[in-house]
Amino acid sequence: MSGKQYLKNQLPVLLLNLLGVLALALFLIATGTSRQAISFIALVWIVVVVCYLTVSFFIQKRHCETLLVMAEQLGEKYLMPEVMAMPERADEQVFYQILKMAEKSMLEKIGEIQSERQEYKEYIEQWIHEVKTPITAMKLICENNCSESTRELLVEVENINHFTEQALYYARSEHTEKDYTVREIRIRDAIADSKYLLRKNHVTVEVEDDGKIAYMDDKWVRFILNQIISNAVKYRTEQPSLRFSTAQKHNQVILSVEDNGIGIPQSDLPRVFEKGFTGQNGRTVHSSTGIGLYLCKRLCDKLGIGLSVCSQGNGTSVSLIFPINDFVAGVQG
């Protein structure tokens with residue numbers, strides 16, 4: 001609150017006091033009071049008014065600054081009335097009651113939205129679980145009746161399963177702690193999940209195992225690796241290849257996935273984890289959704305896994321950084 005704005009708000013008070021001084025001066029002149037006495041009385045009146053307005057300005061300014069600091073520190077701004085003290089002035093109490101009514105309405109609306117969102121999420125999870133049964137049945141039928149057409153169909157079934165898994169893990173990504181089991185990470189299991197996709201696109205896979213083992217929830221990490229593999233196949237070259245390697249650095253195990261695909265432009269690298277961002281490559285590959293890496297980053301943040309992407313124009317390297325847990329490693333050993 002500025003002094004200029006405060007004086008503008010106090011303009012009626014200033015005009016009223018000015019009229020009061022003039023009226024008193026006219027009355028004193030009519031009664032024969034000396035000019036010196038009238039001037040002294042007017043000066044005292046003006047000094048009292050100025051002192052009152054100055055003190056009032058600093059008190060109100062301090063109060064407003066305190067409210068602003070409280071609002072900035074509050075995560076949910078609509079809960080401001082809960083931390084405010086009941087004002088003493090009648091007009092301020094009216095605004096306080098309006099804020100309380102707005103807060104109540106907001107909380108009720110948030111409750112309704114959260115309830116609807118939870119119901120929709122539960123429906124999506126139930127639907128995915130139901131649809132996975134026919135997907136598995138289709139996969140078994142194709143595997144038991146091997147032919148050129150069924151091999152092509154297996155790739156599409158694998159793609160369908162990939163997208164259903166993506167939707168399921170997206171719905172569960174807010175609460176990873178509810179389904180979390182620490183196990184040894186097996187790279188070959190993630191590769192096996194995408195074996196038909198890799199085989200169809202003639203992707204050469206190389207796995208370097210130097211004995212560096214990471215422990216984390218196997219299911220979540222396999223999903224993340226499947227997303228990375230899917231991206232590598234999607235943005236492949238004529239002779240695609242994938243290389244998996246692990247290395248230990250300080251108190252971390254780094255799992256790197258390198259491909260020889262078309263790479264990521266340097267201008268797009270800072271935004272690859274943004275939801276819906278497809279970049280320049282997304283304009284050439286129309287199946288890009290901008291969800292894969294966003295979901296990987298979201299899950300890694302929840303699981304405490306570091307995730308980085310680098311590209312030098314040709315090929316892309318994605319690194320998963322696992323913290324070493326001596327207790328878990330000792331138990332597993």
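Okay, quick one to start: is F57 buried or exposed? Keep in mind that we're looking at a predicted model here. F57 comes out at 12% relative accessibility, and the cut-off for buried is under 20%, so F57 counts as buried.

Now, who sits with F57? The structure has two aromatic pairs. Take Y6 and F57: their ring centres are 5.3 Å apart and the planes meet at 55°, so we call that pair tilted. Y6 is in helix α1, residues 3–9, while F57 is in helix α3, residues 35–73, so this pair ties together parts that are 51 residues apart in sequence. Y6 is buried as well, with a relative accessible area of 3%.

Then there's F57 with F58. Those ring centres are also 5.3 Å apart, but here the planes are at 70°, and anything over 60 is edge-to-face, so that's what this pair is. Put the three residues together, and Y6, F57 and F58 make one aromatic cluster.

Okay, over to another spot, D268. You'll find D268 in the loop that runs between β5, 252–259, and α10, 292–303. It's an aspartate in a loop, so which is it, buried or exposed? D268 has a relative accessible area of 9%, so it's buried. And what does its side chain reach? The backbone nitrogen of Q280, at 2.9 Å. Leaving out residues up to four places away in sequence, D268 touches F277, G279 and Q280.

Last thing, a charge and a ring: the charged end of K297 sits over the ring of F273, 5.6 Å from the ring's centre. That's me done.

How values were computed
Residues are numbered from 1 along each chain as its sequence is written. This is a predicted model: local features need pLDDT of at least 70, side-chain atom pairs count only at pLDDT 80 or more; totals for chains, interfaces and linings use all residues. Side-chain values use heavy atoms; hydrogens and water are left out. Helices (H or I, at least four residues) and strands (E, at least two) are DSSP runs, numbered from the N terminus. Buried means under 20% relative accessible area, exposed over 50%, partly exposed in between (1.4 Å probe, protein chains only). A polar contact is a pair of N or O atoms within 3.5 Å; within protein, one must be able to donate a hydrogen and the other to accept it, and residues adjacent in sequence count only if both atoms are side-chain atoms. Contact means heavy atoms within 4.5 Å. Rings of Phe, Tyr and Trp (its six-membered ring) pair if their centres lie within 6.5 Å; planes under 30 degrees apart count as stacked, over 60 as edge-to-face and the rest as tilted. A charge sits over a ring if NZ of Lys or CZ of Arg is within 6 Å of the ring centre and within 35 degrees of the ring normal.
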